[in-house]
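Here is a short briefing to read alongside your viewer. Have the sequence and the model open, and let's walk through them topic by topic.

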Amino acid sequence: AKTAGRNVVKLYDETMSNQAIASVTMAANLKTAIDRHEFSLYFQPKIDLDTGKIKGAEALLRWFPEGGDPVPPDQFIPVAESTGMIVEIGEWVIREACLQCKRIHELGSPDFAVAVNISAVQFKRGNLEHIVLDALYVSGLESKYLELELTESLLLEDEYDIKGQISRLAAKGLTFSLDDFGKGYSNLGNLSKFDIATLKIDQSFVFAMFDTTQDSALVEAIVRMGKSLGLKIVAEGVETQRAANILGLLGVDFGQGYYWSKPLPVDDFICYAGIGKEA
Ligand code: C2E
Ligand code: CA
Ligand code: CA
Ligand code: CA
């Protein structure tokens, strides 16, 4: 680090500048990652807790830079968002998810639904409606099999007509779920104004369920309030049979987590799910 002299403001320290360099480098690499086919879409099953059957999958993005280590989404998505590149990357995700879901239908699982994570940036400057409808058209996937996962902060945005964007897509048959529920400025009252069908309880609440009794009461309260608004409830981060059982008893409709499967490459997922094997 620079030694700050008298009356001289210390402009940077090494850690900050290394971080800045890392994120500029990452941004540059991200720019070419689509063209180089370095992204891959993984599927993680969503399980109906009543029947134990697979209802669909959440599509999760993976980045395998050529000649480098895989970069976790928690690291590159924020960079993709701040640079706006999430619009183009997200478009690829939506298209790929629709194509793979349609393929799963054709393999003999016609009720299978896919859920895609959508960043707030895609709503703000992504021409999202057009991209989604185009991906459905190109893939031939019926709109009701595409679910979009949103985060709570998006619903607090008062510009960009978020409510209108959601309701126009909902009118076309798409479904919406609220991701990471409980982590943010949870306001269930506000929720009823939006065309949202499902609440996803954040995994931190599912993990905490086993720490104290109070935390299980929290999950219970979320379920009760969600149900009173007519919402379906999904729990993420289900790692054990015990968690799956308890969540089912609390009235949670669907579960997702390592107990069933971690996110898998789509071909492995198809194999895991036994898709195409039933007929
Ligand atoms: P998320 O939407 O909350 O996704 C759930 C995360 O929990 C995933 O992490 C998943 O792999 C992980 N997970 C699933 N089951 C378990 C479990 O039983 N235990 C534990 N400990 N973790 C579990 P992942 O794939 O690393 O993704 C992290 C985040 O990156 C996602 O969180 C989402 O916010 C974002 N993300 C991933 N793909 C996309 C994408 O295509 N677009 C956008 N905008 N964001 C994405
Ligand atoms: Ca999600
Ligand atoms: Ca989460
Ligand atoms: Ca149930």
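Is Glu129 buried, partly exposed or exposed? Glu129 is partly exposed, with a relative accessible area of 22%. Please keep in mind that this is a predicted model. The notes below start with the calcium sites, then turn to the strands, the salt bridges and the cysteines.

**Calcium sites**

- The calcium ion (ligand 2) takes its protein donors from Glu58 (OE), Asn117 (OD1), Glu149 (OE) and Asp179, the last of these giving two OD entries, at 2.2 to 3.2 Å from the ion.
- Along the sequence, these donor residues follow the spacing E-x58-N-x31-E-x29-D.
- Glu149 belongs to strand S4 (residues 146–151) and Asp179 to strand S5 (residues 175–181), so this pair ties together parts that lie 30 residues apart in sequence.
- Both Glu149 and Asp179 are buried.
- Why is the arrangement around the calcium ion (ligand 2) called irregular? The angles subtended by its six donor atoms run from 43 to 178 degrees, and that spread makes the arrangement irregular. For six donors to count as octahedral, opposite ones must be over 155 degrees apart and all others between 65 and 115.
- The calcium ion (ligand 3) is 5.7 Å from the calcium ion (ligand 2).
- For the calcium ion (ligand 4), the protein donors are two OD entries of Asp50, at 2.5 to 2.9 Å.
- Asp50 sits in the loop that runs between strand S1 (39–48) and strand S2 (54–63).

**Strands around S4**

- S4 is mostly covered, with five of its six residues buried.
- With strand S3 (residues 113–117), S4 pairs in the parallel sense over four bridges. Here Ala115 is found opposite Glu147 of S4.
- S4 also pairs with S5, again in the parallel sense, over five bridges. In this pairing Leu150 faces Leu178 of S5.
- When you look along these elements, it helps to recall that side chains in a regular strand alternate between the two faces of the sheet.
- Leu199 is part of strand S6 (residues 198–201), and at 0% relative accessibility it counts as buried.
- As a distance to try in your viewer, the C-alpha atoms of Leu199 and Glu129 are 22 Å apart, with their positions 70 residues apart along the chain.

**Salt bridges**

- How many salt bridges does a search of the whole structure find? The search finds 13. As background, side chains of opposite charge can pair when their charged atoms come close.
- Arg168 and Glu129 meet through their side chains in a salt bridge, at 2.9 Å from N to O. This pair links distant parts of the chain, since Arg168 is in helix H7 (residues 162–171) and Glu129 in helix H5 (residues 128–139), 39 residues apart.
- Arg168 is partly exposed, at 39% relative accessibility.
- One network, built from salt bridges that share partners, joins Lys46, Lys55, Glu58, Glu147, Glu149 and Lys200. Among these residues, Glu58 and Glu149 are also donors to the calcium ion (ligand 2).
- Arg103 and Asp267 form another salt bridge, with 2.7 Å between the closest N and O atoms. Arg103 lies in helix H3 (residues 86–106) and Asp267 in helix H12 (residues 266–272), which puts the linked parts 164 residues apart.
- Arg103 is partly exposed at a relative accessible area of 33%, and Asp267 is likewise partly exposed at 48%.
- Glu38 pairs with Arg36 in a salt bridge of 3.4 Å, N to O. Glu38 is buried, with a relative accessible area of 6%, whereas Arg36 is partly exposed at 46%.

**Cysteines**

- How many disulfides does the structure hold? It holds zero.
- Cys98 takes part in no disulfide, and the nearest cysteine sulfur, in Cys101, is 7.4 Å away.
- Seen from Cys101, the closest cysteine sulfur is that of Cys98, and the 7.4 Å between them is too far for a bond. The cut-off for a disulfide is a pair of cysteine sulfur atoms within 2.5 Å.
- Cys98 counts as buried at 0% relative accessibility, and Cys101 is buried with a relative accessible area of 0%.

Methods
Residues numbered from 1 in each chain as written. Chains lettered and ligands numbered in written order. Predicted model: local features only at pLDDT ≥ 70, side-chain atom pairs only at ≥ 80, totals over all residues. Heavy atoms only, no water. Donors = N, O, S within 2.8 Å, 3.2 Å for Na, K, Ca; no water. Tetrahedral: all angles 85-135°; square planar, octahedral: opposite > 155°, others 65-115°. Helix = DSSP H or I, 4+ residues; strand = E, 2+ residues; numbered from the N terminus. Buried < 20%, exposed > 50% of the residue type's maximum accessible area, 1.4 Å probe, protein only. Salt bridge = Lys/Arg side-chain N within 4 Å of Asp/Glu carboxyl O. Pairing = 2+ DSSP bridges.
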